[in-house]
Amino acid sequence: MSGPARDPGLQPERTRLAWRRTTLTCTVVAVLAARQTAQDTVLAAAMSVLAWLGFLAVAHRRVGAMDAPRPRPMPVGGAIAAVLCVLALALAAFAMAIAT
């Protein structure tokens, strides 16, 4: 027995917008980290870009899931991947702060 039809209201739209804002913020951080670390080592800049691409993939998948009439909860693997990408960028920022 399924429940009554869900009236999604504005919740999926708010969630989509939140993911887009978070992705934009992640993009700015990754660009600044890659720019700063590119002066020292290409490997660190590449790691920043890879962390950004990973987060972008997770966000894109989640935004796409919001189109369903009844979106499923975010998979644990996606949440862990997003957290690891954010931690990688935070670690890059910490390393840059120590280096200066």
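A salt bridge here is a side-chain nitrogen of Lys or Arg within 4 Å of a carboxyl oxygen of Asp or Glu. By that cut-off, Asp67 pairs up with Arg16, with their closest N and O atoms 3.5 Å apart. The model is a predicted one, and its protein chain is built from three helices and zero strands. Here's a quick tour, from the overall fold down to single residues.

**Overall shape**
- Reading along the sequence, you get a plain α-α-α pattern.
- The chain is more spread out than a compact globule, because its radius of gyration is 17 Å, well over the 13 Å that the globule rule gives for 100 residues.
- Along the principal axes, the C-alpha trace spans about 60 × 20 × 20 Å.
- If you look at contacts between residues at least 6 apart in sequence, 69% of them join residues at least 24 apart.

**Surface and burial**
- Of the chain's 100 residues, 25% count as buried.
- The accessible surface adds up to about 7,200 Å², and carbon and sulfur atoms own 70% of that.
- There's a nonpolar surface patch of about 550 Å², put together by Leu43, Met47, Val49, Leu50, Leu53 and Leu56.
- Leu53, one of the patch residues, sits in helix H2, which covers residues 42–65.
- With a relative accessible area of 42%, Leu53 is partly exposed.

**The nonpolar core**
- The largest nonpolar core has 11 residues in all: Trp19, Cys26, Ala30, Ala51, Phe55, Val58, Ala59, Val63, Ala82, Cys85 and Leu89.
- Helix H1 (11–38), H2 and helix H3 (76–99) each chip in at least two residues of this core.
- H2 gives the largest share of the core, with five residues.
- Ala30, one of the core residues, touches Ser48, Trp52 and Leu89, once you set aside its neighbours within four places in sequence.

**Two spots on H2**
- Ser48 lies in helix H2, and with a relative accessible area of just 3% it is buried.
- Skipping neighbours within four places in sequence, Ser48 is in contact with Ala30, Ala33, Ala34, Thr37, Leu89 and Ala92.
- Ala46 also has its place in helix H2, but at 34% relative accessibility Ala46 counts as partly exposed.
- Measuring C-alpha to C-alpha in the model, Ala46 and Leu17 are 28 Å apart in space and 29 residues apart in sequence.

**Salt bridges**
- The structure holds two salt bridges.
- One of them links Arg16 and Glu13, whose closest N and O atoms are 2.6 Å apart.
- Both Arg16 and Glu13 belong to helix H1, three residues apart, or about one turn of the helix.
- Arg16 counts as buried at 13% relative accessibility, while Glu13, at 33%, counts as partly exposed.
- The other pair is Asp67 with Arg16; Asp67 lies in the loop between H2 and H3 and Arg16 in helix H1, so this pair ties together parts that are 51 residues apart in sequence.
- Asp67 counts as exposed, at 59% relative accessibility.
- Through shared partners, the salt bridges join Glu13, Arg16 and Asp67 into one network.

Methods:
Residues numbered from 1 in each chain as written. Predicted model: local features only at pLDDT ≥ 70, side-chain atom pairs only at ≥ 80, totals over all residues. Heavy atoms only, no water. Patch = residues over 30% accessible without salt bridge, like charges linked within 9 Å, V, L, I, M, F, W, Y side chains within 5 Å. Areas by Shrake-Rupley, 256 points an atom, 1.4 Å probe, with all protein chains shown as cover. Helix = DSSP H or I, 4+ residues; strand = E, 2+ residues; numbered from the N terminus. Buried < 20%, exposed > 50% of the residue type's maximum accessible area, 1.4 Å probe, protein only. Contact = heavy atoms within 4.5 Å. Core = buried A, V, L, I, M, F, W, Y, C linked by side-chain atoms within 4.5 Å. Rg over C-alpha atoms; globule rule 2.2 N^0.38 Å.
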